[in-house]
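Visitor: I am new to this structure and would be grateful for a close look at a single part of it. Please choose one place to begin and describe it in order.

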Amino acid sequence: MLVNPQRVRTLKKESQTKGPVIYWMSRDQRVSDNWALLYAQELAQKHDSPLAVAFCLVPQFLGATGRQYRFLLQGLKEVEKNLQALNIPFFLLQGDPGKEMARLLSELGAGALVSDFSPLRQSREWKAAVAVETEIPFYEVDAHNIIPCWFASPKQEWAAYSFRPKVNRLLFEFTDEFPALQKSPERNSPSENGAIENDWAAAQGCLKADTAPEAKWIMPGEAAAMKQLGNFLEHKLAGYERDRNDPNKDGQSGLSPYLHFGQISAQRIALEVLKSMKDAGSFLEELIVRKELSDNYCYYNQHYDDMQGFPAWAKTSLSEHEKDRREYLYTLQELERAHTHDDLWNAAQQEMLQTGKMHGYMRMYWAKKILEWTESPAAAQAAAIHQNDRYELDGRDPSGYTGIAWSLGGVHDRAWKERAIFGKVRYMSYNGAKSKFDVKTYISKWSHPQ
DNA sequence: ATCGGCTCGCGCAA
DNA sequence: TGCGCGAAGCCGAT
């Protein structure tokens, strides 16, 4: 057994036929270190069937712009090239994934389907649609979390402290080394007409995405991700705990865009970090506990992107303060243009607009101020999610929805001293930021276009 | 510079 | 049933 069966669950129970095994790549856009792809290969070899990979490009997805699609498409071209070297065909589809995947499966006479895992509702709807349409076995493999989301905990966790021991108990079992993906035999083609020609220009053309300034400072793709990991291990890991919360220092890993698109595996990062440093507790806390807790929240709480997901104490407290007078009220447009009275907030907004990646510490301050400056918590949450999904390279991710729910709604947090607007939700202040790092340097860095 | 109070409810020990 | 404790804090007192 190559892939730990605990990483796999059955979405549709049928018996596998002779046809090709298809890995429906979605959240985990990489060839290396991908448990879903490895499992699909395992099934193909067991039945002596061909193996193929398909990705369905959605022309309009949760406010993604050209900035994110460029990152995604360049990464996928690398996936195609790496799969070619292994004789594994890659199909680039476009349209509604539920419909297009079902069509491909029937065209190819597929014998089994394997997908990766995402807790987000769109992904779950697509899979449900495919499961209805098809009569072949359909498996889901959590290739994103180190500990499969449904296995780590059977319920929504209250906070990190309740989740952490569950993770720690299972971590050793699930930090096993990845077996190598095998090269497929030459005859491994699911289609009669030989090689597949994906039309990348047409894929680009089908997008209905708004434009946003390209994030030119970061190279997409698996190879670039591994390079960034090497750079982090060599230069930043040792000082991570000290530097990570100073937005003026480049102390964070810089891996979150790659993690979001699955261009690198969190488990690969963990394996390499553990090899290079014994006590990497604070980094592994971020990489594993916090990130997998975000998946836990979105998976078990269907209200992960609205206020109903907040804990009862926060909902009550926020509603008691909904009528509090707001000293500043901004429209979404004023926020988007970084036109507020707060130069620190504007700087964070500019960092996000210009680069597609706001520093982690500032993300909390940024979201909390939106709560302070909009007419209601619901409007604040909508505005924060809209911008996060639109501008951040790692937007549209469980970590984003959960981070915003933490900032605005006390999710995974505790109650604090009651105050206007926020009620008992933790407040953050300009003065607090000043006491932690040199805000002037950060402001001047981002107050002019880079 | 440092400290305590603020405040909720889970998870576990008993 | 009681108790300890928690992602990043704030604020006023000392």
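Guide: Let us begin at A415, where a backbone N or O atom lies 3.0 Å from a base oxygen of DNA strand B. That pair falls under the term polar contact (two N or O atoms within 3.5 Å; within protein, one must be able to donate a hydrogen and the other to accept it, and residues adjacent in sequence count only if both atoms are side-chain atoms). The model is a predicted one, in which local features need pLDDT of at least 70, side-chain atom pairs count only at pLDDT 80 or more, and totals for chains, interfaces and linings use all residues. Residues are numbered from 1 along each chain as its sequence is written, chains are lettered from A and ligands numbered from 1 in the order in which they are written, and side-chain values use heavy atoms, with hydrogens and water left out.

A415 has company around DNA strand B: K155, E157, W158, Y161, S162, W313, R414, W416, K417 and K424 are also there. A residue is near a strand if one of its heavy atoms lies within 4 Å of it. By class, this surface has 5 nonpolar, 1 polar and 5 charged residues (Ala, Val, Leu, Ile, Met, Phe, Trp, Tyr, Cys and Pro count as nonpolar, Asp, Glu, Lys and Arg as charged, and the others, Gly among them, as polar). On the side of the DNA, sugar or phosphate holds 81% of the atoms of DNA strand B within 4 Å of the protein, and bases hold the rest. Two further pairs show both kinds of partner. A polar side-chain atom of Y161 is 3.3 Å from a base oxygen of DNA strand B, whereas a polar side-chain atom of K424 is 2.7 Å from a phosphate oxygen of that strand.

Y161 leads on to the other strand, for a backbone N or O atom of this residue lies 2.9 Å from a phosphate oxygen of DNA strand C. There are 18 residues around DNA strand C, and R290, W416, R426, S429 and K436 come nearest. Of the atoms of DNA strand C that come within 4 Å of the protein, 41% are in sugar and phosphate. Phosphate oxygens of DNA strand C also face two arginines: an N or O atom in the side chain of R426 is 2.3 Å from one, and a polar side-chain atom of R164 is 3.4 Å from one. This surface divides into 7 nonpolar, 3 polar and 8 charged residues.

Which helices carry this surface? At least two residues each come from α6 (160-174), α12 (281-300) and α19 (430-436), and α6 has the largest share, with 3 residues. Helices (H or I, at least four residues) and strands (E, at least two) are DSSP runs, numbered from the N terminus.

Between α18 (398-409) and α19 runs a loop that holds I421. Phi of I421 is near 65°, a positive value in a residue other than glycine. With a relative accessible area of 7%, I421 is buried (under 20% relative accessible area; exposed is over 50%, partly exposed in between; 1.4 Å probe, protein chains only).

To place these regions in the whole chain, the domain assignment of chain A gives domain 1 (1-144), domain 2 (145-177 + 221-300) and domain 3 (303-446). Such bounds come from an automatic or database domain assignment. The centres of domain 1 and domain 2, taken over C-alpha atoms, are 24 Å apart. Their contact (heavy atoms within 4.5 Å) takes 29 residues from domain 1 and 30 residues from domain 2.

The largest nonpolar core (buried Ala, Val, Leu, Ile, Met, Phe, Trp, Tyr and Cys residues joined through side-chain atoms within 4.5 Å) has 76 residues, and L57, F90, V114, I269, F283 and L287 have the most contacts inside it. Helix α1 (residues 35-46) gives the most to this core, with 8 residues. Domain 1 and domain 2 both give residues to the core, so it lies between them. Another core, of 45 residues, lies apart from it and includes Y297, F310, A347 and A367.

One more loop, between β2 (21-25) and α1, holds D33. Phi of D33 is near 55°, again a positive value in a residue other than glycine, and D33 is buried at 15% relative accessible area.
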